[in-house]
Amino acid sequence: MRNIGRMGIHYMNRLHAANVPADLIEKGQKRVIEASLTLIRERAKLKGELVRALGGAVASSSLLGVPLGHNSSFLQGPAFAPPRIREAIWCGSTNATTEEGKELNDPRVLTDVGDVPVQELRDCGVDDDRLMHIISESVKLVMEEDPLRPLVLGGDHSISFPVVRAVSEKLGGPVDILHLDAHPDIYHAFEGNKYSHASSFARIMEGGYARRLLQVGIRSITSEGREQGKRFGVEQFEMRSFSKDRDLLENLKLGEGVKGVYISLDVDCLDPAFAPGVSHIEPGGLSFRDVLNILQNLQANVVAADVVEFNPQRDTVDGMTAMVAAKLVRELTAKISK
């Protein structure tokens with residue numbers, strides 16, 4: 001997957017070396033970028049018009065897929081996750097109702113604006129600086145269609161940076177972030193990659209896009225992870241002390257004095273007994289009900305969220321982790337929509 005994802009960029013580099021005019025390539029890339037944003041814009045506009053016409057929704061979750069896997073340090077399978085999560089959301093083995101009774105079939109609860117065409121953009125030689133900008137712009141296009149709120153399907157965890165940046169910029173100030181993960185993802189630039197999935201929260205905190213960052217489920221953390229946490233004032237809750245922290249974490253109140261709360265949910269926050277289909281298997285994690293208790297009891301105005309790092313290539317044959325990721329999306333939908 002890593003090599004496939006780079007083929008387009010390598011091809012464009014060869015064109016440059018062959019003296020193909022740079023402005024010809026640049027103009028073509030701009031057309032592709034604009035076409036990509038136009039599709040997201042028009043789908044978001046249509047879904048927003050539908051929700052407003054139906055009436056009664058203050059906030060409505062809208063799925064946006066970001067099938068990006070090349071910033072993963074190990075496996076790139078999360079690029080294939082968005083369609084598998086969608087398939088599981090609407091799987092006939094379960095109904096379309098959240099635990100608190102919200103109906104996903106109601107567009108005022110959940111809509112879908114499609115995917116950012118990550119691989120197609122990279123095939124045209126679009127680099128990560130511009131790709132991150134395109135992701136941010138796509139999120140803003142969703143947010144422009146009130147009452148839609150983006151619920152983003154990754155993809156590896158590098159997508160959280162451009163998504164949170166867009167949310168903060170669109171709302172005009174920082175948010176509080178609840179981040180559930182086995183890892184803090186706060187390296188300065190893991191393996192020299194500033195956009196690494198292991199560095200997304202360093203970029204978020206450097207940019208001033210979050211006031212508070214709470215990291216829950218941590219059980220694989222290096223000295224740099226702890227040092228970076230102290231540098232940015234991150235509240236890190238490690239699994240080795242979860243029994244002591246449980247009452248606090250299951251009764252969180254966030255977002256007062258800021259623009260809202262963002263939830264970033266890495267599927268590997270769960271113990272692999274519940275979610276084996278992840279790239280980085282870390283035993284000793286949260287149970288599925290632990291996660292739901294934290295989410296369902298959270299007192300917050302949730303303005304956006306993401307579910308990341310599900311790797312279909314490591315899932316069980318019956319798609320167990322896909323169903324787990326879909327259930328997380330369902331319950332985040334219930335938290336966002338009102």
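A residue counts as buried when its relative accessible area is under 20%, and as exposed when that area is over 50%; anything in between is partly exposed. Keep that in mind as you click around this predicted model.

**Stop 1: two glutamates**

Select E309 to begin. You'll find E309 in the loop between β8 (302-308) and α11 (320-336). Is E309 buried or exposed? Its relative accessible area is 3%, which is under the 20% cut-off, so E309 is buried. Now check the backbone: E309 isn't a glycine, yet its phi is positive, about 70°.

Next, jump to E191, in the loop between β4 (175-180) and α7 (200-206). This residue also has a positive phi without being a glycine, here near 55°. With a relative accessible area of 62%, which is over 50%, E191 counts as exposed.

**Stop 2: a group from the record**

Select H157, D181, H183, D185, D266 and D268 together; an unreviewed UniProt entry lists them under "binding site". They are spread over 112 residues of sequence, but they cluster in space, with a largest C-alpha distance of 12.2 Å.

Zoom in on H157, in the loop between β3 and α6. Its relative accessibility is 0%, so H157 is buried. What does H157 touch? Leaving out residues up to four places away in sequence, its contacts include H179, D181, D185, D266 and E309. That last one is the glutamate you started with. Show the side chains of H157 and D181 as sticks, and look for the polar contact of 3.1 Å that joins them.

Then move to D268, in the loop between β7 (261-266) and α10 (288-297). D268 is buried too, at 3% relative accessibility. Setting aside neighbours within four places in sequence, D268 is in contact with D181, A182, H183, R219, V278 and H280. Its side chain has a polar contact of 3.3 Å with the side chain of H183.

**Stop 3: two cis peptide bonds**

Where can you find P147? Look in the loop between α5 (128-143) and β3 (148-154). The peptide bond leading from D146 to P147 is cis, with omega near 10°.

Follow the chain to G154 and G155, which are also joined by a cis peptide bond, with omega about 10°. G155 sits in the loop between β3 and α6 (160-171).

**Stop 4: helix α5**

Select α5 and draw a line from its first C-alpha to its last. This helix has 16 residues and reaches 23 Å, close to the 22 Å expected at 1.5 Å a residue. How many of its residues are buried? The count is 12 of 16, so "mostly covered" is a fair description under the 20% cut-off. Among the buried ones are L131, I134, I135, V139 and V142. To see what covers them, show α2 (22-54), β1 (60-66), β2 (110-115), α4 (118-123), β3 and α6, which are included in that cover.

**Stop 5: cysteines and a long line**

Select C91 and C269. C91 is partly exposed, at 26% relative accessible area, while C269 is buried at 0%. Don't hunt for disulfides, though: the structure holds 0 of them.

Finally, pick V20, in the loop between α1 (2-17) and α2. At 24% relative accessibility, V20 is partly exposed. Draw a line from its C-alpha to that of K244: the two residues are 224 places apart along the chain, and the line spans 62 Å.

Terms used: Residues are numbered from 1 along each chain as its sequence is written. This is a predicted model: local features need pLDDT of at least 70, side-chain atom pairs count only at pLDDT 80 or more; totals for chains, interfaces and linings use all residues. Side-chain values use heavy atoms; hydrogens and water are left out. A disulfide is a pair of cysteine sulfur atoms within 2.5 Å. Buried means under 20% relative accessible area, exposed over 50%, partly exposed in between (1.4 Å probe, protein chains only). Helices (H or I, at least four residues) and strands (E, at least two) are DSSP runs, numbered from the N terminus. The expected span of a helix is 1.5 Å times one less than its number of residues. Contact means heavy atoms within 4.5 Å. UniProt positions are given in the numbering used here, feature names are shortened, and annotations may be inferred rather than shown by experiment. A polar contact is a pair of N or O atoms within 3.5 Å; within protein, one must be able to donate a hydrogen and the other to accept it, and residues adjacent in sequence count only if both atoms are side-chain atoms.
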